[in-house]
Every structure is written in C-alpha cells, then in structure tokens.
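Student: I'm new to this structure. Please pick a single part of it and take me through it closely, starting with whatever vocabulary I need.

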Amino acid sequence: MKKILRFNLNKSQVILLTEVKKGSRFKVIRIDEKDIRTQLLRFGLGEGSEAVCFERLPLGPIVIKHRRQEVAIGREFANKIWVEPLEE
C-alpha cells in the first residue's frame, strides 16, 4: 500500500510533485536534497518557482513546463520535491 505524505503550510495543502495532476499549476515549496536543488536551479527552477504539470508518463518521468521550457523529472527526484497546488 502506497503511503502519501502531505503537510499544511498556512492553510495550503503541500504535496509531493508525484501527486500533481496533468495540467495543474503548482509552486515549488521545498526540495529535500541539495543535489536535486542544484540541478533544478540550472533550469531556473527553485523554491518559490511556479510551473505546470505538462505530462505524466506511465511509470516514467513527470514533465513540467516552466517559462518557455519543458523539463522531465524522474519519479525518484519528484518524490523529493514538495509543491503547493495553485488554483486555476
């Protein structure tokens, strides 16, 4: 059974990137690993950045769209990125 981790931040729900639905906008709240944080910063993504879940490939990466670029993030990395879903 898969355990889903969540926490609340100022009455907002914060979830793992792996839980974001296709087409949903979100804001990056926390990145648990320094190496992942460094790699994402190279793409202009960091804590506080807003993006859209562009595609969720079955058993594959999650593709997010940030500004004018698409970035594929493996599920192992996505399980270490906490995001806040944004209302459309």
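Tutor: Vocabulary first: helices (H or I, at least four residues) and strands (E, at least two) are DSSP runs, numbered from the N terminus. Keep in mind, too, that this is a predicted model. The part I'd pick is the inside, but let's come in by way of the loops.

L59 is in the loop between β4 and β5. This residue counts as exposed because its relative accessibility is 88%, and the cut-off for exposed is over 50%. The backbone here deserves a look as well: most residues other than glycine have a negative phi. L59 isn't a glycine, yet its phi is positive, at about 55°. You'll find another case at R67, also not a glycine, with a positive phi of about 55°. R67 belongs to the loop between β5 and β6, and with a relative accessibility of 70% it counts as exposed too.

Now go to the loop between β2 and β3, where T18 has its place. Is T18 buried or exposed? It is buried, because its relative accessibility is 8% and anything under 20% falls in that class. Leaving out residues up to four places away in sequence, T18 touches R56, I62, R75, A78 and N79. With N79 there is also a polar contact, side chain to side chain, at 3.1 Å. G23 sits in that loop as well, between β2 (12-16) and β3 (25-31). At 40% relative accessible area, G23 is partly exposed. Its C-alpha is 5.2 Å from that of C53, even though the two residues are 30 apart in sequence.

From there, step inside. The largest nonpolar core has 18 residues, and L17, F26, I64, I73, I81 and V83 have the most contacts within it. Who supplies this core? At least two residues come from each of β3, α1 (34-42), β4 (50-56), β5 (62-66), β6 (69-73) and β7. The top contributor is β3, with three residues.

Let's zoom in on I81, one of the residues with the most contacts in that core. Setting aside neighbours within four places in sequence, I81 is in contact with I15, L16, L17, V28, R30, I31, I36, L40 and I73.

I81 also takes us to a bit of empty space. Rolling a probe the size of a water molecule over the atoms shows where such space is left. Here there is one cavity of 30 Å³ or more, and the largest cavity holds about 60 Å³ of space. Along with I81, its lining is made up of L17, F26, V28, I31, L40, L45, G46, I64 and I73. Several of the residues touching I81 turn up here again: L17, V28, I31, L40 and I73 are in contact with I81 and line the cavity. Sorted by class, the lining has nine nonpolar residues, one polar residue and no charged ones. Just as with the core, β3 gives the most, supplying three residues of the lining.

On the way out, stop at E87, in the segment after β7 (81-85). With 73% relative accessibility, E87 counts as exposed. E87 and R25 are 62 residues apart in sequence, but their C-alphas are 7.2 Å apart in space.

Terms used. Residues are numbered from 1 along each chain as its sequence is written. This is a predicted model: local features need pLDDT of at least 70, side-chain atom pairs count only at pLDDT 80 or more; totals for chains, interfaces and linings use all residues. Side-chain values use heavy atoms; hydrogens and water are left out. Buried means under 20% relative accessible area, exposed over 50%, partly exposed in between (1.4 Å probe, protein chains only). On a 1 Å grid over the protein atoms alone, a cavity is a set of points where a 1.4 Å probe fits but cannot get out, and a pocket is an open set with protein on both sides within 12 Å along at least five of seven lines; lining residues have an atom within 4 Å of a point. Grid points are joined across faces, edges and corners, and a volume is the space filled by probe spheres set on the points. Ala, Val, Leu, Ile, Met, Phe, Trp, Tyr, Cys and Pro count as nonpolar, Asp, Glu, Lys and Arg as charged, and the others, Gly among them, as polar. A nonpolar core is a set of buried Ala, Val, Leu, Ile, Met, Phe, Trp, Tyr and Cys residues joined through side-chain atoms within 4.5 Å. Contact means heavy atoms within 4.5 Å. A polar contact is a pair of N or O atoms within 3.5 Å; within protein, one must be able to donate a hydrogen and the other to accept it, and residues adjacent in sequence count only if both atoms are side-chain atoms.
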